[in-house]
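Visitor: Please take a close look at one part of this protein for me. I would like the sheet and the helix that goes with it, then its setting in the rest of the chain.

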Amino acid sequence: MTGCTVPGCPRAAEEDTHRRLCPRCTHQLRALLRELVGQMPLLQASLQLDRSPTTGSVHGGRAHSPMPVRGDVLTLLGPGSNSTLDDPYGDARGDQDGPLPIDTHLRGWAEMTALHVRLAPGPGIRPGRTWAAWLAAYAPWILTAPWAGLFHQELTELVGRVRAITRTEPRRRPLAAPCPSCGAFGLVEEDWQPYVECVACELLLTPAEYVAYARRVLPSLYRTALQIWTHERIAAMNERVPVRVLLLIGDEAEIVADVPPAERAEPERYPAAEIAEALGVALGELPGKRLTAEAGADDRLTGWQRA
Ligand SMILES: [Zn+2]
Ligand SMILES: [Zn+2]
């Protein structure tokens with residue numbers, strides 16, 4: 001059993017394949033590439049999008065005229081001076097200001113991939129028109145390369161930089177069914193991720209597997225959830241409210257909520273005899289008495305008791 005080559009990953013590489021990553025890192029790598037493909041248009045848009053109020057305004061107090069585009073985005077998008085491979089003197093990175101542009105970065109990995117699968121030395125862009133899409137198409141080969149773990153690590157870092165600019169993080173949504181493996185309510189789906197994952201035990205399910213499983217387990221679960229909900233709802237409806245008899249008017253008692261006078265709503269009238277009987281007191285004793293009662297669905301009070 002060989003270990004996953006992603007730095008810091010303690011898992012074993014996928015069995016019975018030549019892959020150098022564990023199943024989890026494999027899916028992550030695919031998801032990262034997919035996300036990068038999806039992020040590129042956003043990144044392009046971010047180039048001119050970010051106009052913070054102070055930038056270039058007369059009140060901003062800047063000494064120089066504002067850049068029409070964001071420098072950090074430009075650096076990421078800009079054409080690179082060279083790739084990682086065809087750089088015999090190792091000075092290509094040196095004349096690049098800041099981090100390598102995405103294109104240069106990915107192109108370097110594409111060339112590594114081409115070497116690995118013995119394609120023509122300089123791959124042109126065909127699948128998907130971007131290097132991210134190209135690499136996604138060649139993911140099965142990348143996964144068997146000795147540098148697959150390193151690629152995963154760099155890709156994570158690269159996608160992190162892109163997310164910081166486009167301000168988009170993949171969203172996680174919890175799913176209703178519990179994990180079929182560990183029973184925890186830990187199943188989540190996440191943007192770009194092809195698999196449903198259990199955050200408790202790391203089980204991976206394809207969406208189809210999840211749906212098939214959820215179909216089997218959810219109806220009874222939903223029934224249970226519904227019962228709990230109904231139960232709570234009935235309990236809430238039957239909650240006893242503290243009230244007070246204000247005074248008697250004829251044979252009716254004026255009832256107010258037992259709260260400070262300023263918070264009281266208009267008094268409600270109820271048959272005084274009914275209340276007196278429930279409490280076992282004489283009518284004359286009612287004014288000023290503190291009671292509790294149940295509020296029904298129609299907001300009428302019943303079930304009078306001494307407070
Ligand atoms: Zn791993
Ligand atoms: Zn689980």
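Guide: What follows starts at the sheet and then moves out to the other parts. Keep in mind that this is a predicted model.

The sheet is open and has 5 strands. Their order is β7-β6-β5-β8-β9, and the pairing is antiparallel. Its edges are β7, residues 268-271, and β9, residues 301-306. Each of these two pairs on one side only. On average, neighbouring strands are turned by 45 degrees against each other, with direction ignored.

Take the β7 edge. Strand β6 covers residues 252-257 and is joined to β7 by 4 bridges. The two run antiparallel. Within this pair, I255 of β6 stands opposite E268 in β7. Helix α8, residues 272-279, packs on the sheet. Helix α8 touches β5 (240-249), β6, β7 and β9. The direction of α8 makes about 65 degrees with that of β7.

A general point helps when reading such strands. In a regular strand, side chains alternate between the two faces of the sheet.

Now the nonpolar cores. The largest has 31 residues. Within it, L21, L33, A132 and L135 touch the most other members. The elements giving two or more residues to this core are α1 (23-49), α3, α4 (131-137) and α6. Helix α1 supplies the largest share, 7 residues. L135 shows how the parts meet. Leaving aside neighbours within four places in sequence, L135 is in contact with L33, L106, W109, A110, T113 and I142. Another core lies apart from the largest one and has 12 residues. Among them are V243, A253, A293 and W304. This brings us back to the sheet: V243 falls within the β5 range of 240-249, A253 within the β6 range of 252-257, and W304 within the β9 range of 301-306.

Two helices of the largest core deserve a check on length. Helix α3, residues 102-116, has 15 residues, so at 1.5 Å a residue it should span 21 Å. Its end C-alpha atoms are 21 Å apart, which agrees. Buried residues of α3 include L106, W109, A110 and T113, and these four are also contacts of L135. Polar names appear on the buried list too, including H105 and R107. Just after α3, R118 takes a positive phi of about 55 degrees.

Helix α6 spans residues 148-166, which is 19 residues. From first C-alpha to last it reaches 26 Å, close to the 27 Å expected. Its buried residues are A148, G149, F151, H152, L155, L158, V159 and V162. Just after α6, R167 has a positive phi of about 55 degrees.

Further strands lie beyond α6. Strand β1 (residues 172-174) and strand β2 (residues 187-190) pair in the antiparallel sense over 3 bridges. There P174 has V188 in β2 as its bridge partner. Strand β2 also joins β3, residues 196-198, through 2 bridges, again antiparallel. L187 stands opposite C198 in β3. The hairpin of β2 and β3 has 5 residues between the strands. In it, W192 takes a positive phi near 75 degrees.

Last, the whole protein. It has 8 helices and 9 strands. Buried residues make up 23% of its 307 residues. Among contacts between residues at least 6 apart in sequence, 48% join residues at least 24 apart.

Terms used: Residues numbered from 1 in each chain as written. Chains lettered and ligands numbered in written order. Predicted model: local features only at pLDDT ≥ 70, side-chain atom pairs only at ≥ 80, totals over all residues. Expected span 1.5 Å × (residues − 1). Buried ≥ 20, exposed ≤ 12 C-beta atoms within 10 Å, placed from the backbone. Contact = placed C-beta atoms within 7 Å. Pairing = 2+ DSSP bridges. Axes fitted to C-alpha atoms, helices over the stretch in contact; angles between N-to-C directions. Core = buried A, V, L, I, M, F, W, Y, C linked by C-beta atoms within 7 Å.
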